[in-house]
Amino acid sequence: MPINSKYSDKQIEQILAEIAAVLDKHQASSDLSLMIAGNIVTNILNSDVPRAQRKLIADKFSQALLSSIDA
């Protein structure tokens with residue numbers, strides 16, 4: 001079941017394109033790009049999410065990630 005987002009597809013696609021352009025500019029490999037993405041997620045969780053909710057949010061994030069890939 002798709003989840004409705006409060007953010008527009010246009011906003012998401014624009015930010016994603018800008019991030020992809022930065023990674024491309026630095027010729028980041030797939031593993032480096034994934035490491036950077038993981039570090040961003042970790043930093044957001046540690047700085048913006050209350051400690052008591054971090055594990056729950058991380059679990060939900062990882063479930064969403066797993067459900068979004070073609071396995």
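Guide: Two residues are in contact here when heavy atoms lie within 4.5 Å. Keep in mind that this is a predicted model.

Visitor: Okay, so which residues of helix 2 meet helix 3?

Guide: On the helix 2 side you'll find V41, L45 and N46, and their partners in helix 3 are R54, I57, A58 and F61. Sorted by character, that contact holds 5 nonpolar residues, 1 polar and 1 charged.

Visitor: How do I read the way these two helices are set against each other? At roughly what angle do their axes cross?

Guide: Angles over 145 degrees count as roughly antiparallel. In this model helix 2 spans residues 30-48 and helix 3 spans residues 51-68; their axes come within 10 Å and cross at roughly 150 degrees. Helix 2 and helix 3 are therefore roughly antiparallel to each other.

Visitor: And is that crossing left-handed or right-handed?

Guide: Helix 2 and helix 3 make a right-handed crossing.

Visitor: Now the largest pocket. What is its volume, and which residues lie nearest its centre?

Guide: For a pocket, look at its volume, then at what lines it. The volume of the largest pocket is about 1100 Å³. Its lining is made of 22 residues, with I12, L16, I19, V41 and F61 nearest the centre. You've met V41 and F61 already, in the contact between helix 2 and helix 3.

Visitor: Which helix gives the most to that lining?

Guide: That's helix 2, with 9 residues. Helix 1 (9-25), helix 2 and helix 3 each supply at least two.

Visitor: How many of the lining residues are nonpolar, polar or charged?

Guide: The lining of the largest pocket has 17 nonpolar residues, 5 polar and no charged.

Conventions. Residues are numbered from 1 along each chain as its sequence is written. This is a predicted model: local features need pLDDT of at least 70, side-chain atom pairs count only at pLDDT 80 or more; totals for chains, interfaces and linings use all residues. Side-chain values use heavy atoms; hydrogens and water are left out. Axes are lines fitted to C-alpha atoms, for helices over the stretch in contact, and angles run from 0 to 180 degrees between N-to-C directions. Helices (H or I, at least four residues) and strands (E, at least two) are DSSP runs, numbered from the N terminus. Angles under 35 degrees count as roughly parallel, over 145 as roughly antiparallel, 65 to 115 as roughly perpendicular and the rest as oblique. A crossing is left-handed if the near helix is turned anticlockwise from the far one by less than a right angle, and right-handed if clockwise. Ala, Val, Leu, Ile, Met, Phe, Trp, Tyr, Cys and Pro count as nonpolar, Asp, Glu, Lys and Arg as charged, and the others, Gly among them, as polar. On a 1 Å grid over the protein atoms alone, a cavity is a set of points where a 1.4 Å probe fits but cannot get out, and a pocket is an open set with protein on both sides within 12 Å along at least five of seven lines; lining residues have an atom within 4 Å of a point. Grid points are joined across faces, edges and corners, and a volume is the space filled by probe spheres set on the points.
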